[in-house]
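Reader: I should like to understand how the descriptive terms used for a protein model are justified. May we go through them one at a time?

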Amino acid sequence: MAYPVTHFEINAQDAAATQKFYKDLFGWGIDTNNPQSYGMIDTKTKGTGINGGIGASQDGRSFVTFYVETDDPGSLLDKAERLGGRRVMEPMDAGQGLIYALFADPEGNVIGLAKMAQAQRQQEQRQQEQKTRSRSNGNGSAPKSRAKAASAKASPKRAPTRKRTTAKKKSTASRSRRSRG
C-alpha cells in the first residue's frame, strides 16, 4: 500500500485566534460548526494541495502535524516504535469511519496515521480523478491554451498547401484552354 498524506493539522493553545489568523492570512474557509469547534480547513485550491484542520491542543502545547493514510494504524505504530519513535496516541475511532493515531518520530515530530472508511476513500479517489480530468479538459485533450498554440503552429503549414492547390487549379485551367485552342 502507498501511504499518501491526506490531512494536516494545526494544534494551538488558542484555537479560535489561530483559526482567525490563518483565515485572514491565506483566505482559507474554516468551518467550526461541530461540538469541539474544530476548524475544518478548505484551502480552496481547486485541484492541488490537501485540506486540514485547526483545533485546540489537548496537552497545552502547540504543534503542526500531517496525517498519512494507512489500512492499519496500530501496526504502523508498532513499526514506528521499533524504528525509534514513540506512541503519542493509540488508535481512536473519530466516527464516520475514521480511525486515527499519533506517533512521534525520533526527533519528536508528531505525525498522524489515519484509516478512512472505504466509502470516504472512494470519494477522495473520484475527486482526484475529476481534478485530473479537469486539467485535461475532461477528455484527455490538451487545455485550450495548448490547443491554440498547436493550431497556431499548424496554420503556416496549411497556407502553403492551399496555395499549391490553387496553383494546380490554375495550371489545370490553362491546360484546358491550350487543348481547346
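The dialogue below takes up several terms and sets values against their definitions.

Author: Please keep in mind that this is a predicted model.

Reader: What pattern does the protein follow along the sequence?

Author: The protein has four helices and eight strands. Read along the sequence, they give the pattern β-α-β-β-β-β-α-β-β-β-α-α. Buried residues account for 28% of the 181 residues.

Reader: Why is Leu113 called buried?

Author: A residue is called buried when its relative accessible area is under 20%. Leu113 has a relative accessible area of 4%, and therefore it is buried. Leu113 lies in strand 8, which covers residues 110-115.

Reader: What makes strand 8 "mostly covered"?

Author: The description rests on a count: five of the six residues in strand 8 are buried.

Reader: Which residues does Leu113 touch, leaving aside residues up to four places away in sequence?

Author: Contact requires heavy atoms within 4.5 Å. Leu113 touches, among others, Tyr67, Val68, Thr70, Leu76 and Tyr100. Tyr100 is 13 residues from Leu113 along the chain, and their C-alpha atoms are separated by 5.4 Å.

Reader: How do you know that strand 7 and strand 8 pair?

Author: Two strands pair if at least two bridges are found between them. Six bridges join strand 7, residues 98-104, to strand 8, and therefore the two strands pair. They run antiparallel, and Phe103 has Ile111 in strand 8 as its bridge partner. Strand 7 and strand 8 form a hairpin with five residues between them. In the turn, Gly108 has a positive phi of about 95°.

Reader: What makes strand 5 a partner of strand 8?

Author: Here three bridges join the strands, and the requirement is at least two, so strand 5 and strand 8 also count as paired. These strands run parallel. Glu69 stands opposite Ala114 in strand 8.

Reader: Where is Thr70 placed, and is Thr70 buried or exposed?

Author: Thr70 is in the loop between strand 5 (63-69) and helix 2 (73-82). Its relative accessible area is 3%, which is under 20%, so Thr70 is buried. Not counting residues up to four places away in sequence, Thr70 touches Met1, Tyr3, Leu76, Leu113, Ala114 and Lys115.

Reader: Which backbone atom lies 3.2 Å from a polar atom of the side chain of Thr70?

Author: That atom is the backbone nitrogen of Asp72. The limit for a polar contact is 3.5 Å, and the distance of 3.2 Å lies within it.

Reader: Why is the pair of Phe8 and Trp28 called tilted?

Author: A search of the whole structure finds six aromatic pairs. In the pair of Phe8 and Trp28, the ring centres are 5.7 Å apart and the planes stand at 50°. Centres must lie within 6.5 Å for rings to pair; planes under 30 degrees apart would be stacked and planes over 60 edge-to-face. The angle of 50° fits neither range, so the pair is tilted.

Reader: Which parts does this pair tie together?

Author: Phe8 lies in strand 1 (residues 5-12), while Trp28 lies in the loop between helix 1 (15-26) and strand 2 (29-31), so the pair ties together parts that are 20 residues apart in sequence. Phe8, at 16% relative accessibility, counts as buried, and Trp28, at 14%, is buried as well. Ring pairs link Phe8, Phe21, Tyr22, Phe26 and Trp28 into a cluster.

Reader: How do you know that Asp59 and Arg61 form a salt bridge?

Author: Side chains of opposite charge can pair when their charged atoms come close. The cut-off is 4 Å between the nitrogen and the carboxyl oxygen. For Asp59 and Arg61 the closest N and O atoms are 3.0 Å apart, so the pair qualifies. Five salt bridges are counted by this rule.

Reader: Why is Asp59 called partly exposed?

Author: Partly exposed lies between the limits of 20% and 50%. Asp59 has a relative accessible area of 49%, so it is partly exposed. Arg61, at 34%, is partly exposed too.

Reader: What makes Arg87 part of a network?

Author: The side chain of Arg87 meets that of Asp78 in a salt bridge at 2.1 Å, N to O, and that of Glu81 in another at 3.0 Å. Asp78, Glu81, Arg87 and Glu90 are linked in a network of salt bridges. Arg87 counts as partly exposed at 23% relative accessibility.

Notes:
Residues are numbered from 1 along each chain as its sequence is written. This is a predicted model: local features need pLDDT of at least 70, side-chain atom pairs count only at pLDDT 80 or more; totals for chains, interfaces and linings use all residues. Side-chain values use heavy atoms; hydrogens and water are left out. Buried means under 20% relative accessible area, exposed over 50%, partly exposed in between (1.4 Å probe, protein chains only). A polar contact is a pair of N or O atoms within 3.5 Å; within protein, one must be able to donate a hydrogen and the other to accept it, and residues adjacent in sequence count only if both atoms are side-chain atoms.
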